[in-house]
Amino acid sequence: MASDNVTYMLRKSALPVEGIDPYIPTPGEEYMNDAQLKHFRNILVAWKQALMQEVDRTVDHMKEEASNFSDPADRATQEEEFALELRARDRERKLIRKIDKTIARLDEDDYGYCDACGIEIGLQRLEVRPTADLCIDCKTTQEIKEKQLA
């Protein structure tokens, strides 16, 4: 482990899904061992299932609520609500794709290490953002470059 002086998060609210406790490593525990990989796989699978359920709810909601209003203002309001829902589902669709790629990285034993520099991303960062593929330093550098180019 890179640093033994780390306070691990105990708040469930920082996790992207409900019902999974934060992982607390034991002293001297190897980084990305089988228990940690299983923990993050559980988070990713639960997160994906929650997103898929939300997609199903949206489809059902849009079928039920689809009405042909005679008032153009009511029709426009409904269409705008549907557009906002579809935009949110599109973002979630992209997130589902990213979750699938992350699960593939887990299968390839490449999970938990920075794509840019190869160091450990860190358990706490992965708890908050399980799809992270850059360490905090590389991500910060990337964001600074994006701001400069924008």
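Which side chain of opposite charge is nearest to the buried Glu85, and how far away is it? The legends below start with that residue in this predicted model.

**View 1. Glu85, a buried charge without a salt bridge.** The residue to find here is Glu85, which sits in helix H2. Its nearest side chain of opposite charge is that of Arg89, 4.3 Å away. That pair is not counted as a salt bridge, because a side-chain nitrogen of Lys or Arg has to lie within 4 Å of a carboxyl oxygen of Asp or Glu. If you set aside the neighbours within four places in sequence, Glu85 touches Thr58 and His61.

**View 2. A negative patch on the surface.** Six residues to pick out here are Asp56, Asp60, Glu64, Glu65, Glu80 and Glu81, which together form the patch. Two helices each contribute at least two of its residues: H1, spanning 34–65, and H2, spanning 72–107. H1 gives the largest share, with four residues. For a closer look at one member, try Glu80, which belongs to helix H2. Its relative accessibility is 44%, so Glu80 counts as partly exposed.

**View 3. A positive patch on the surface.** Here the charge is of the other sign: Arg97, Lys98, Lys101 and Arg129 gather into a patch of positive charge. Among them, Lys101 is part of helix H2. Lys101 is classed as exposed because its relative accessibility is 60%.

**View 4. Met32, a residue with positive phi.** Now for some backbone geometry. Most residues other than glycine have a negative phi. Met32 is not a glycine, yet its phi is positive, at about 55 degrees. You will find Met32 in the segment before H1. With a relative accessible area of 9%, Met32 is buried, since the cut-off for that class is under 20%.

**View 5. Asp109, with a positive phi in a loop.** What is the phi of Asp109 near? The value is near 55 degrees, again positive in a residue other than glycine. Asp109 lies in the loop that runs between H2 and helix H3, the latter covering 123–128. Its relative accessibility comes to 61%, so Asp109 counts as exposed. Views 4 and 5 make a handy pair to look at side by side: Met32 is buried, whereas Asp109 is exposed.

Terms used:
Residues numbered from 1 in each chain as written. Predicted model: local features only at pLDDT ≥ 70, side-chain atom pairs only at ≥ 80, totals over all residues. Heavy atoms only, no water. Patch = residues over 30% accessible without salt bridge, like charges linked within 9 Å, V, L, I, M, F, W, Y side chains within 5 Å. Areas by Shrake-Rupley, 256 points an atom, 1.4 Å probe, with all protein chains shown as cover. Lys, Arg positive; Asp, Glu negative; His and termini not counted. Charge placed at Lys NZ, Arg CZ, Asp CG, Glu CD. Buried < 20%, exposed > 50% of the residue type's maximum accessible area, 1.4 Å probe, protein only. Contact = heavy atoms within 4.5 Å.
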